[in-house]
Amino acid sequence: STLFPYTTLFRSSYAFMSCRNLATVTGGNGLTYVDPSALADTQWIINVYSGNVVAYLGHVAYHCGGGVSGEVTIADGTYTITEEAFYGKDITAVTIPASVTSIDSKAFYDCTKLVTVNMLGATPPALSSDAFEGDSFLTFYVRSAAYKTADNWRDINPGNSASIMHVISTLTLPANVSTDATPTPVTIAGTDYYTEGATITITPAHGYILIDVSVNGTPATDNG
């Protein structure tokens with residue numbers, strides 16, 4: 001059993017390769033990066049691969065078991081999704097928290113059943129150009145238009161890939177909108193929606209941003 005609170009050893013390739021007696025590894029709060037091969041062929045990684053959970057070391061989503069499938073939510077507080085963490089897994093949807101700052105090479109490579117990626121952060125994390133390579137017809141739901149211009153994220157759009165990116169926008173309604181029991185119509189591209197509160201969140205059907213938004217004929221502001 002080994003506890004590593006810092007990153008020094010885990011940054012080295014094959015640092016603990018073939019340590020077959022190493023069955024328990026715990027990453028401390030200072031751990032923000034783990035080389036993908038650091039624990040190769042240890043008993044710990046063998047146990048991970050034979051299971052059905054995502055293995056975390058400190059703030060790193062490191063690898064996951066062969067039984068991981070369906071919808072996956074990355075734990076809040078994760079900083080890095082490491083190289084090949086979900087390589088070839090039968091996941092269908094993944095939710096990535098705002099805490100994630102890096103999605104490394106081939107993190108979701110060849111996840112052929114993956115169709116939905118839900119990004120909870122307004123700031124785009126660093127994205128390796130091949131993080132989603134081998135995946136087809138993905139739909140990305142993001143929280144700000146900053147993704148449209150961020151490195152590698154900007155290549156995900158209806159014009160030059162099979163995948164598409166939607167910006168989920170929170171609309172701030174004008175101050176004079178009633179919040180009583182009478183529903184307030186919100187017109188989006190000619191279609192009326194209704195809300196009784198001060199804000200409404202809508203996922204657009206196509207493209208990047210909501211267009212032609214008004215409340216009782218008054219334009220609403222859009223954070224995306």
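**Exercise 1. Where is Asp 110 found?**

Before we start, note that this is a predicted model, in which local features need pLDDT of at least 70 and side-chain atom pairs count only at pLDDT 80 or more, while totals for chains, interfaces and linings use all residues. Residues are numbered from 1 along each chain as its sequence is written, and side-chain values use heavy atoms, with hydrogens and water left out.

Step 1. Go to strand 8 (102-103) and follow the chain towards strand 9: Asp 110 sits in the loop between these two strands. Strands are DSSP runs of E with at least two residues, helices are runs of H or I with at least four, and both are numbered from the N terminus.

Step 2. Look at the backbone. Asp 110 has a positive phi of about 60°, although it is not a glycine. Most residues other than glycine have a negative phi.

Step 3. Check the surroundings. Asp 110 is partly exposed, at a relative accessible area of 34%. (Buried means under 20% relative accessible area, exposed over 50%, and partly exposed in between, with a 1.4 Å probe and protein chains only.)

Step 4. Compare with Asn 152, another residue that is not a glycine but has a positive phi, here about 70°. Asn 152 belongs to the loop between strand 11 and strand 12 and is partly exposed, with a relative accessible area of 26%.

**Exercise 2. What is the strand order of the open sheet with parallel pairing, and which strands are its edges?**

Step 1. Set the scene: the chain has one helix and 19 strands.

Step 2. Trace the pairs, where two strands pair if DSSP finds at least two bridges between them. The order in this sheet of five strands is 5-7-9-11-12.

Step 3. Find the strands that pair on one side only: these edges are strand 5 (69-73) and strand 12 (164-167). From one strand to the next, the twist averages 15°, taken from lines fitted to C-alpha atoms, with angles from 0 to 180 degrees between N-to-C directions.

Step 4. Zoom in on one pair. Strand 7 (residues 90-96) and strand 9 (residues 116-119) run parallel and are joined by four bridges. Within this pair, Ala 93 has Thr 116 of strand 9 as its bridge partner.

**Exercise 3. Describe the open sheet with mixed pairing, and the hairpin of strand 3 and strand 4**.

Step 1. This sheet of five strands has the order 3-4-6-8-10. Its edges are strand 3 (54-57) and strand 10 (126-127), each pairing on one side only.

Step 2. Strand 3 and strand 4 are antiparallel, with four bridges between them. Tyr 56 has Ala 61 of strand 4 as its bridge partner, and Ala 55 stands opposite His 63 in strand 4.

Step 3. Inspect the turn. Two residues lie between the strands of this hairpin, and Gly 58 takes a positive phi near 60°.

**Exercise 4. Which residues touch the most other members of the largest nonpolar core?**

Step 1. Recall the rule: a nonpolar core is a set of buried Ala, Val, Leu, Ile, Met, Phe, Trp, Tyr and Cys residues joined through side-chain atoms within 4.5 Å.

Step 2. Among the 32 residues of this core, the answer is Ile 81, Phe 86, Ile 96, Ile 103, Phe 108 and Trp 153.

Step 3. Ask which strands contribute. Strand 4 (60-64), strand 7, strand 9, strand 11 (139-142) and strand 12 each supply at least two residues, and strand 7 gives the largest share, three residues.

Step 4. Centre the view on Ile 103. Leaving aside neighbours within four places in sequence, its contacts (heavy atoms within 4.5 Å) include Ile 81, Ile 96, Phe 108, Met 119 and Trp 153.

Step 5. Do not miss the second, separate core: it has 14 residues, including Phe 16, Val 25, Leu 31 and Tyr 62.

**Exercise 5. Is Thr 82 buried or exposed?**

Step 1. Locate Thr 82 in the loop between strand 6 (80-81) and strand 7.

Step 2. Thr 82 counts as buried because its relative accessible area is 0%.

Step 3. See what surrounds this residue: beyond neighbours within four places in sequence, Thr 82 is in contact with Val 34, Pro 36, Val 60, Ala 61, Tyr 62, Asp 104 and Ala 107.

**Exercise 6. How many salt bridges does a search of the whole structure find?**

Step 1. Look for a side-chain nitrogen of Lys or Arg within 4 Å of a carboxyl oxygen of Asp or Glu. The search finds one.

Step 2. The partners are Arg 154 and Asp 151, at 3.1 Å from N to O.

Step 3. Arg 154 is partly exposed at 39% relative accessible area, whereas Asp 151 is exposed at 54%.
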